[in-house]
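Take a moment to look over the sequence and the 3D view. Then follow the text from the overall layout down to single residues.

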Amino acid sequence: MSKDTYSSLTDVFVRESIEILGDDLVGIYLHGSAVMGCFNPEKSDIDLIVVVSDTITDDIKRRFMKMVVALNEKAPAKGIEMSVVKAGVCRPFVYPTPFELHFSLGTLGWYKSDPEGYIQNMKGEDKDLAAHFTIITRRGKTLCGKPIEEVFGEVDRAHYLDSIWCDIENAEADICDDPMYIVLNLTRVLAYCRDGLILSKKEGGEWGMENIHKKYCGLICSALEEYSSAKAGEYDSALAKEYAGYMLGEITPYLRAEER
């Protein structure tokens with residue numbers, strides 16, 4: 001996907017959202033790799049947060065989901081990931097964060113098999129939104145609507161830590177299933193714990209090469225190479241599991257300190 005094609009897709013998303021949501025639309029905000037300088041069409045999704053002023057009706061949800069799914073067919077390999085949230089949970093920030101609607105490649109099967117059930121039940125709370133909102137306030141981009149600083153409040157450190165911990169707490173069990181993602185995610189979590197840095201996976205890996213035990217540099221290097229290319233990486237499973245245990249051991253004391 002070229003930059004022009006990517007821009008065209010987000011332009012259509014914005015235009016269609018304005019038409020469907022009307023005056024209820026507060027703004028649309030881009031986050032993730034697309035705003036952090038490491039978007040790879042083979043490895044990245046398009047991350048969007050849509051903020052509305054009030055609860056949206058099921059009819060609006062039907063129209064909106066039809067639009068999102070159609071655009072998703074033109075998106076990069078990992079598709080579109082988006083959540084619709086109400087402005088009232090963004091500023092002041094509410095955690096765990098309620099959402100009105102969510103879509104990602106992982107939920108596409110549910111929508112296609114039971115669209116009405118999806119419309120009725122795809123709502124609730126999502127701890128991941130604390131991480132997404134943090135990226136938006138630090139490095140995000142307003143695609144339309146009110147400026148970020150008017151819409152999003154500060155996410156507490158404790159809430160952000162809990163959010164990113166939920167994404168890595170099973171790293172030892174999961175790392176062999178998705179080594180590239182987990183290797184780099186662990187580095188950026190530790191970078192935040194130690195240095196307060198909000199990094200992309202690529203930046204986290206680069207930080208890790210300089211700040212994590214040298215025996216794991218080859219593992220991190222393989223993950224960085226895979227992340228920046230279309231190729232699958234090669235990993236030593238035993239070393240990967242050891243690395244995950246080591247990193248969790250480094251991260252856990254920061255979580256305990258936050259709890260005290």
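What follows is a short walk through this predicted model.

Start with the layout. The domain assignment splits the protein chain into domain 1, residues 6–155, and domain 2, residues 168–259. Find the centre of each domain, using C-alpha atoms. Those centres of domain 1 and domain 2 are 27 Å apart.

Now turn to the place where the two domains touch. How many residues of each domain are in contact? Domain 1 supplies eleven residues, and domain 2 supplies twelve. Together, domain 1 and domain 2 bury about 890 Å² between them. Carbon and sulfur atoms account for 57% of that area.

What else links the two sides? Side chains of opposite charge can pair when their charged atoms come close. Between domain 1 and domain 2 the count is one salt bridge. Look for Glu203 and Arg139. Their side chains meet in a salt bridge, with 2.8 Å from N to O. The interface of domain 1 and domain 2 also has two residue pairs in polar contact, both at pLDDT 80 or more. On the side of domain 1 that touches domain 2, three residues are nonpolar, four are polar and four are charged.

Next, widen the search for salt bridges. The whole structure has seven of them. One of the seven joins Glu116 and Arg62, whose closest N and O atoms are 2.7 Å apart. Why does this pair tie together parts that are 54 residues apart in sequence? Glu116 sits in helix 4, residues 115–121, while Arg62 sits in helix 2, residues 58–72, so the salt bridge links those two parts.

Now pick out one stretch of the chain. An unreviewed UniProt entry lists residues 25–73 as "domain: Polymerase nucleotidyl transferase". That label comes from the record. In the model, the span 25–73 is 31% helix and 29% strand. The C-alpha atoms at the ends of residues 25–73 lie 24 Å apart.

Finish with the backbone. Go to the loop between strand 3, residues 80–86, and strand 4, residues 97–99; Pro92 is placed there. Pro96 is found in the loop between strand 3 and strand 4 as well. Which kind of peptide bond runs from Arg91 to Pro92? The bond from Arg91 to Pro92 is cis, with omega near -5°. Tyr95 and Pro96 are also joined by a cis peptide bond, and its omega is about -10°.

Technical notes: Residues numbered from 1 in each chain as written. Predicted model: local features only at pLDDT ≥ 70, side-chain atom pairs only at ≥ 80, totals over all residues. Heavy atoms only, no water. Domains from an automatic or database assignment. Contact = heavy atoms within 4.5 Å. Buried area = accessible area lost by both parts, 1.4 Å probe. Salt bridge = Lys/Arg side-chain N within 4 Å of Asp/Glu carboxyl O. Polar contact = N/O pair within 3.5 Å; in protein donor to acceptor, adjacent residues only side chain to side chain. Nonpolar A, V, L, I, M, F, W, Y, C, P; charged D, E, K, R; others polar. Helix = DSSP H or I, 4+ residues; strand = E, 2+ residues; numbered from the N terminus. UniProt positions renumbered as here; feature names shortened; annotations may be inferred.
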